[in-house]
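Trainee: I should like to learn how to read a structural model step by step. May we work through one together?

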Amino acid sequence: MSNDFPLSHEELTALVKKFPTPFYLYDEKGIRENMRRFTKAFANFPSFREYFAVKALPNPYILKILKSEGCGGDCSSLPELMLCDKVGIGGEHVMFTSNDTPAEEFRYAYDRDDIINLDDITHIDFLKEALGGKLPDTICFRYNPGPLKAGGNAIIGKPEEAKYGFTKPQLIDCYRAMKAAGVKRFGLHTMVAS
(Lines give C-alpha, C1' and ligand atoms only; values in the text may rest on other atoms or scores of the structure.)
Protein backbone atom coordinates (compact mmCIF):
# COMPACT_ATOMS: atom_id res chain seq x y z
CA MET A 1 0.00 0.00 0.00
CA SER A 2 1.20 3.46 -0.86
CA ASN A 3 1.08 6.32 1.62
CA ASP A 4 0.45 8.69 -1.28
CA PHE A 5 -2.73 10.68 -1.54
CA PRO A 6 -5.04 8.73 -3.91
CA LEU A 7 -5.64 11.67 -6.30
CA SER A 8 -3.37 13.78 -8.38
CA HIS A 9 -3.27 17.54 -7.87
CA GLU A 10 -5.25 17.98 -11.10
CA GLU A 11 -7.95 15.51 -10.02
CA LEU A 12 -8.33 17.22 -6.66
CA THR A 13 -8.50 20.66 -8.31
CA ALA A 14 -11.25 19.39 -10.62
CA LEU A 15 -13.24 18.13 -7.62
CA VAL A 16 -12.95 21.49 -5.88
CA LYS A 17 -14.35 23.17 -9.00
CA LYS A 18 -17.22 20.67 -9.19
CA PHE A 19 -18.23 20.50 -5.48
CA PRO A 20 -18.53 23.41 -3.05
CA THR A 21 -16.01 23.36 -0.24
CA PRO A 22 -15.63 22.23 2.41
CA PHE A 23 -16.37 18.60 1.60
CA TYR A 24 -15.16 15.25 2.83
CA LEU A 25 -13.36 12.93 0.47
CA TYR A 26 -13.17 9.24 1.36
CA ASP A 27 -10.95 6.64 -0.27
CA GLU A 28 -13.16 3.56 -0.71
CA LYS A 29 -10.30 1.46 -2.04
CA GLY A 30 -8.17 2.41 0.96
CA ILE A 31 -10.98 1.68 3.41
CA ARG A 32 -11.55 -1.74 1.87
CA GLU A 33 -7.83 -2.57 1.77
CA ASN A 34 -7.35 -1.54 5.40
CA MET A 35 -10.39 -3.52 6.54
CA ARG A 36 -9.21 -6.62 4.68
CA ARG A 37 -5.74 -6.30 6.18
CA PHE A 38 -7.24 -5.87 9.65
CA THR A 39 -9.54 -8.88 9.25
CA LYS A 40 -6.66 -10.98 7.94
CA ALA A 41 -4.70 -10.18 11.09
CA PHE A 42 -7.40 -12.04 13.04
CA ALA A 43 -7.76 -14.93 10.58
CA ASN A 44 -6.84 -17.44 13.30
CA PHE A 45 -10.18 -16.61 14.91
CA PRO A 46 -12.79 -17.63 12.31
CA SER A 47 -15.72 -16.06 14.13
CA PHE A 48 -13.94 -12.72 14.59
CA ARG A 49 -15.96 -9.65 13.64
CA GLU A 50 -14.93 -6.03 13.91
CA TYR A 51 -17.61 -3.69 15.27
CA PHE A 52 -17.03 -0.24 13.79
CA ALA A 53 -17.77 2.64 16.20
CA VAL A 54 -20.65 4.33 14.38
CA LYS A 55 -20.18 7.53 16.40
CA ALA A 56 -16.72 7.87 14.84
CA LEU A 57 -18.22 8.30 11.36
CA PRO A 58 -22.03 8.09 11.13
CA ASN A 59 -22.04 8.10 7.34
CA PRO A 60 -24.40 5.55 5.75
CA TYR A 61 -22.25 5.17 2.63
CA ILE A 62 -19.17 4.33 4.69
CA LEU A 63 -21.21 1.97 6.88
CA LYS A 64 -22.41 0.13 3.75
CA ILE A 65 -18.80 -0.30 2.62
CA LEU A 66 -17.77 -1.59 6.04
CA LYS A 67 -20.79 -3.91 6.14
CA SER A 68 -19.78 -5.39 2.79
CA GLU A 69 -16.34 -6.07 4.31
CA GLY A 70 -17.91 -7.97 7.24
CA CYS A 71 -18.00 -5.23 9.87
CA GLY A 72 -20.70 -4.86 12.42
CA GLY A 73 -21.71 -1.63 14.14
CA ASP A 74 -20.76 -0.52 17.64
CA CYS A 75 -23.60 1.77 18.73
CA SER A 76 -24.13 3.94 21.78
CA SER A 77 -27.39 5.73 20.97
CA LEU A 78 -30.75 5.32 19.27
CA PRO A 79 -29.73 7.32 16.16
CA GLU A 80 -26.72 5.02 15.71
CA LEU A 81 -28.92 1.93 16.11
CA MET A 82 -31.36 3.36 13.56
CA LEU A 83 -28.56 4.17 11.13
CA CYS A 84 -27.26 0.59 11.31
CA ASP A 85 -30.80 -0.67 10.82
CA LYS A 86 -31.22 1.52 7.70
CA VAL A 87 -28.04 0.20 6.07
CA GLY A 88 -28.83 -3.43 6.91
CA ILE A 89 -26.54 -3.99 9.88
CA GLY A 90 -28.49 -5.75 12.60
CA GLY A 91 -28.83 -8.64 15.00
CA GLU A 92 -25.54 -10.00 16.24
CA HIS A 93 -23.76 -7.58 13.92
CA VAL A 94 -24.73 -4.72 16.26
CA MET A 95 -23.23 -4.18 19.70
CA PHE A 96 -25.21 -1.66 21.75
CA THR A 97 -23.22 -0.17 24.61
CA SER A 98 -24.76 2.82 26.28
CA ASN A 99 -24.84 4.56 29.60
CA ASP A 100 -27.79 6.49 30.98
CA THR A 101 -29.89 4.56 28.48
CA PRO A 102 -33.58 5.35 28.00
CA ALA A 103 -35.91 2.32 28.07
CA GLU A 104 -36.96 2.90 24.43
CA GLU A 105 -33.36 2.41 23.28
CA PHE A 106 -33.08 -0.94 25.07
CA ARG A 107 -36.42 -1.98 23.53
CA TYR A 108 -35.28 -0.91 20.06
CA ALA A 109 -32.08 -2.97 20.32
CA TYR A 110 -33.94 -5.95 21.83
CA ASP A 111 -36.63 -5.91 19.12
CA ARG A 112 -33.91 -6.19 16.45
CA ASP A 113 -31.93 -8.91 18.28
CA ASP A 114 -28.94 -6.59 18.60
CA ILE A 115 -26.41 -7.51 21.29
CA ILE A 116 -27.05 -5.45 24.40
CA ASN A 117 -23.87 -4.70 26.30
CA LEU A 118 -24.69 -3.51 29.81
CA ASP A 119 -22.48 -0.73 31.09
CA ASP A 120 -22.94 -1.29 34.81
CA ILE A 121 -24.77 -3.40 37.37
CA THR A 122 -27.67 -0.94 37.75
CA HIS A 123 -28.66 -1.56 34.12
CA ILE A 124 -29.79 -5.14 34.79
CA ASP A 125 -32.99 -4.27 36.68
CA PHE A 126 -33.66 -1.31 34.38
CA LEU A 127 -33.30 -3.55 31.31
CA LYS A 128 -35.70 -6.13 32.79
CA GLU A 129 -38.22 -3.40 33.51
CA ALA A 130 -37.82 -1.84 30.05
CA LEU A 131 -38.41 -5.23 28.42
CA GLY A 132 -41.43 -6.11 30.55
CA GLY A 133 -39.55 -8.71 32.57
CA LYS A 134 -37.96 -10.38 29.54
CA LEU A 135 -34.26 -10.72 28.88
CA PRO A 136 -32.41 -11.30 25.61
CA ASP A 137 -30.97 -14.77 24.91
CA THR A 138 -27.53 -13.15 24.57
CA ILE A 139 -26.22 -10.43 26.81
CA CYS A 140 -22.85 -8.79 27.20
CA PHE A 141 -21.28 -7.04 30.18
CA ARG A 142 -18.68 -4.30 30.11
CA TYR A 143 -15.83 -5.16 32.45
CA ASN A 144 -13.69 -2.53 34.14
CA PRO A 145 -10.43 -4.09 35.34
CA GLY A 146 -9.78 -1.15 37.67
CA PRO A 147 -6.37 -1.33 39.33
CA LEU A 148 -5.67 -4.70 37.66
CA LYS A 149 -4.79 -2.70 34.53
CA ALA A 150 -1.62 -0.89 35.55
CA GLY A 151 -0.83 2.41 34.02
CA GLY A 152 -2.93 4.96 32.26
CA ASN A 153 -2.12 8.58 31.61
CA ALA A 154 -3.68 12.01 31.20
CA ILE A 155 -4.78 11.24 27.65
CA ILE A 156 -6.26 7.74 27.91
CA GLY A 157 -7.26 7.88 31.57
CA LYS A 158 -7.06 5.29 34.33
CA PRO A 159 -9.55 2.42 34.51
CA GLU A 160 -10.02 2.72 38.27
CA GLU A 161 -11.26 6.29 37.74
CA ALA A 162 -13.72 5.38 34.96
CA LYS A 163 -17.45 5.62 35.62
CA TYR A 164 -18.35 2.58 33.55
CA GLY A 165 -18.09 -1.16 33.81
CA PHE A 166 -18.64 -4.06 36.18
CA THR A 167 -16.07 -5.04 38.76
CA LYS A 168 -14.86 -8.65 38.75
CA PRO A 169 -17.04 -9.66 41.74
CA GLN A 170 -20.08 -7.98 40.14
CA LEU A 171 -19.46 -9.86 36.89
CA ILE A 172 -19.42 -13.25 38.59
CA ASP A 173 -22.65 -12.52 40.48
CA CYS A 174 -24.35 -11.08 37.38
CA TYR A 175 -23.41 -14.00 35.14
CA ARG A 176 -24.89 -16.40 37.70
CA ALA A 177 -28.07 -14.34 38.08
CA MET A 178 -28.55 -13.90 34.34
CA LYS A 179 -27.98 -17.60 33.65
CA ALA A 180 -30.57 -18.45 36.30
CA ALA A 181 -32.94 -15.95 34.64
CA GLY A 182 -32.66 -17.78 31.30
CA VAL A 183 -29.92 -15.94 29.39
CA LYS A 184 -28.21 -18.53 27.17
CA ARG A 185 -25.12 -16.76 25.78
CA PHE A 186 -22.77 -14.22 27.28
CA GLY A 187 -20.25 -11.75 26.02
CA LEU A 188 -17.55 -9.81 27.79
CA HIS A 189 -16.46 -6.37 26.68
CA THR A 190 -13.68 -4.28 28.12
CA MET A 191 -12.20 -0.94 27.32
CA VAL A 192 -9.19 -0.48 29.53
CA ALA A 193 -9.13 3.30 29.11
CA SER A 194 -10.74 6.00 27.04
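The following exchange treats strand pairing and salt bridges in this predicted model.

Trainee: Which strand is joined to strand β1, and how do the two run?

Mentor: Strand β1 covers residues 51-53, and 3 bridges join it to a strand formed by residues 72-75. Ala53 stands opposite Asp74, a residue of β2. The partner of β1 is therefore β2, since two strands pair if at least two bridges are found between them. The two strands run parallel.

Trainee: What handedness does the crossover from β1 to β2 have?

Mentor: Between β1 and β2 the chain passes through helix α3, residues 60-68. This β-α-β crossover is right-handed.

Trainee: Which helix makes a β-α-β unit with β2 and β3?

Mentor: Strand β3 consists of residues 94-98, and 3 bridges join it to β2 in a parallel arrangement. In this pair, Cys75 stands opposite Phe96 of β3. The right-handed unit includes β2, β3 and a helix of residues 78-86, namely α4.

Trainee: Which residue forms a salt bridge with Asp85, and where does that partner lie?

Mentor: Side chains of opposite charge can pair when their charged atoms come close. For Asp85, the closest N and O atoms of the pair are 3.2 Å apart, which lies within the 4 Å cut-off for a salt bridge. Asp85 belongs to helix α4, whereas its partner, 27 residues apart from it, lies in the loop between α5 and β4. That partner is Arg112.

Trainee: Why does the salt bridge of Glu92 and Arg185 tie together separate parts of the chain, and how many residues apart are they?

Mentor: The closest N and O atoms of Glu92 and Arg185 are 2.3 Å apart. Glu92 lies in the loop between α4 and β3, while Arg185 lies in strand β6, so the pair connects parts that are distinct in sequence. The separation is 93 residues.

Trainee: Is Lys184, which pairs with Asp137, buried or exposed?

Mentor: Lys184 and Asp137 form a salt bridge whose closest N and O atoms are 3.6 Å apart. Asp137 has a relative accessible area of 47% and is partly exposed. Lys184 has a relative accessibility of 62%, and the cut-off for the exposed class is over 50%. Lys184 therefore counts as exposed.

Trainee: Which residues are linked in a network of salt bridges?

Mentor: The structure holds 8 salt bridges. A network of such bridges links Glu28, Arg32, Arg36 and Glu69.

Key:
Residues numbered from 1 in each chain as written. Predicted model: local features only at pLDDT ≥ 70, side-chain atom pairs only at ≥ 80, totals over all residues. Heavy atoms only, no water. Helix = DSSP H or I, 4+ residues; strand = E, 2+ residues; numbered from the N terminus. Right-handed = clockwise from strand over helix to strand, strands pointing away. Salt bridge = Lys/Arg side-chain N within 4 Å of Asp/Glu carboxyl O. Buried < 20%, exposed > 50% of the residue type's maximum accessible area, 1.4 Å probe, protein only.
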